[in-house]
Amino acid sequence: MKIAIIADPHHHDIHGEYGAPEIAGPRLRTLADTTASTRVFNESYPAFRAALADIAARGIRTVVIPGDVTDDGQAETVTATMALLEQHSASHGMRFFATPGNHDLYSIHGRHQSKRFLNADGTDVLFTSDADEQQEESVGRIVTETMHCAGYEAGLPPFARLGYFRSSRDLHWESPFGSSDAMEDRTYVVRSDDGRSVRTMIDASYLVEPEPGLWLLSIDANVFEPRDGWDDPVPEKAYHDSTDAGWNAMLKHKGFVLDWARDVSARARVQGKDLLVFSHYPMVDPLNGTLEDEIALFGSTSFARRTPRADVARSAIAAGIKVHFSGHLHINDTAIFSEGGKALVNVAMPSLVGFPPAYKIAEFADGRLDVETVFLEEVPGFDVAFPFYTAEQRRTGADYGTLLAARTYPEFLSRHLAQMVAWRYLRREWPDDLAAAVPRLNLGHLMGLASIATPLKTLPDSLHELLPHQDWHDIAFIDLVVDWYHLRKARALAEGYVPASRLAVYDRLQTAFAARTRPMDSLQGRLAAFFRILVEYRNSTPCVDFSIDLETGAVEPLYRGRTDLRQMGSA
């Protein structure tokens, strides 16, 4: 039996009313908000449908979603998302099993959401659940509870058919607290660091046997730790967001879940069950050992903060977990933690709303787990918002390059990533001096810098004298940075989006920078780290089609031929 795994679909219903039936037209997020985000919004509507159609065409009936099934947990979005999944359940016999993501539910009382939706003339209206929220650039404002993201108590029941509660179709169901699926029987206590703020939370983890011999272990890795000094449990700011906490906070506050997982994995071995484990956050460092260089280059970025400590992997191994599927980071990666002859493999899932758009298919066979990746090439209607984007761009005069000239969905996401480099990463995550150097340099300059010692602050405005690699002067440093992020997000799935000719140049540059040891506070030292990371991305563990030995944790390429994996369905 094959299991489809879709992470982070972030489904947004572009045809919802969101409390304002009097306003005609679709509910489309602005292009300005889209290019400032790590994901696209409106395109989730056709992309999710295309993936589900492809899964149905393959005859796969069990679908796992490791979190963020909705855009931001808005009440109307949740209703529309569940209606879509229930439609596929009725039409194709598909069953869906999820784990909560940081965008689906929030703490006890939830949180407000505010989004700008486009009008046909390129202006926008603010839809919000917060009566105090204002946006000066918006021409109108709609205050509606349909935009509110609920907390666990009110928000979990609408997701009931995603495995969170017992179904008569299940052969087995349990939670860390026993056989009861009542929420009042699934609570735990979490305290602030100073111990003064104490909250009773709900944990949504569960184990289910949907088909004979298959156990799905869904771990709720959301942790909402109260902040010191906050007595009021209602405000969003009263909690540390689970977004960056991930599994590091799980070890601190929810160790009982791993104790339960240890018991589950032991029973699975004795009873001969195939156990597939998933949660929203990674258990193993997805930076492939480049965290030190990452921090030296950029400081404590969101990516670095979300990296799990080694203790997480050790605890998972002690709990008998062999393979873990995660979402959240929107990257395609396979990471292995090995120690004491034991290993944990973390399969980091790409998202449908960021490059690369893909989902995976898992199948147990003869002591191994085979994993294949389906790249979402065809997404009918991916350009549904383009006329509105064009009107917005005409009104604002913003430069989005060739983004709206994309002919396919992957091309659109690839160009969106390039826009993110300019609009988000260089501005927010890169140090100012290094970011300022990017538009001034090309690859010819970089090769020259590899052989000299030039402090960043003394770089001349004209750099062509550094090296006579005039042919390399045609490739800008910004192009290299965009390619670097493609490899960071997609690993091997970046093939076709990063020209092979440029990769050959990058290899020569890496060799040149590696030839000399330079301090990290020099430009050359930071560029050397930049290229070391790039090499690790290119030489990462197989992450497209691969087979995991469930005894040793060894990961080998899976040779079945790409014909079987081409997208089959159409929305």
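The following exchange covers the nonpolar cores and some backbone features of a predicted model.

In this predicted model, local features need pLDDT of at least 70, side-chain atom pairs count only at pLDDT 80 or more, and totals for chains, interfaces and linings use all residues. Residues are numbered from 1 along each chain as its sequence is written, and side-chain values use heavy atoms, with hydrogens and water left out.

Biologist: Which helix gives the largest share of the largest nonpolar core?

Modeller: A nonpolar core is a set of buried Ala, Val, Leu, Ile, Met, Phe, Trp, Tyr and Cys residues joined through side-chain atoms within 4.5 Å. Buried means under 20% relative accessible area (1.4 Å probe, protein chains only), exposed over 50%, and partly exposed in between. The largest core has 143 residues, and L276, F325, F412, W430 and L446 have the most contacts inside it. Its largest share, 9 residues, comes from residues 523-538, helix α16.

Biologist: How many residues does the second, separate core have?

Modeller: Among its members are I219, A221, V264 and I317. The count for this second core is 28 residues.

Biologist: Where is P356, which a cis peptide bond joins to F355?

Modeller: Omega of the bond between F355 and P356 is about 5°. Most peptide bonds are trans. Strands are DSSP runs (E, at least two residues), and helices are runs of H or I (at least four), numbered from the N terminus. P356 is in the loop between β17 (342-348) and β18 (358-365).

Biologist: Is D8 buried or exposed?

Modeller: D8 is not a glycine, yet its phi is positive, near 50°. D8 lies in the loop between β1 (2-5) and α1 (31-35). Its relative accessible area is 0%, so D8 is buried.
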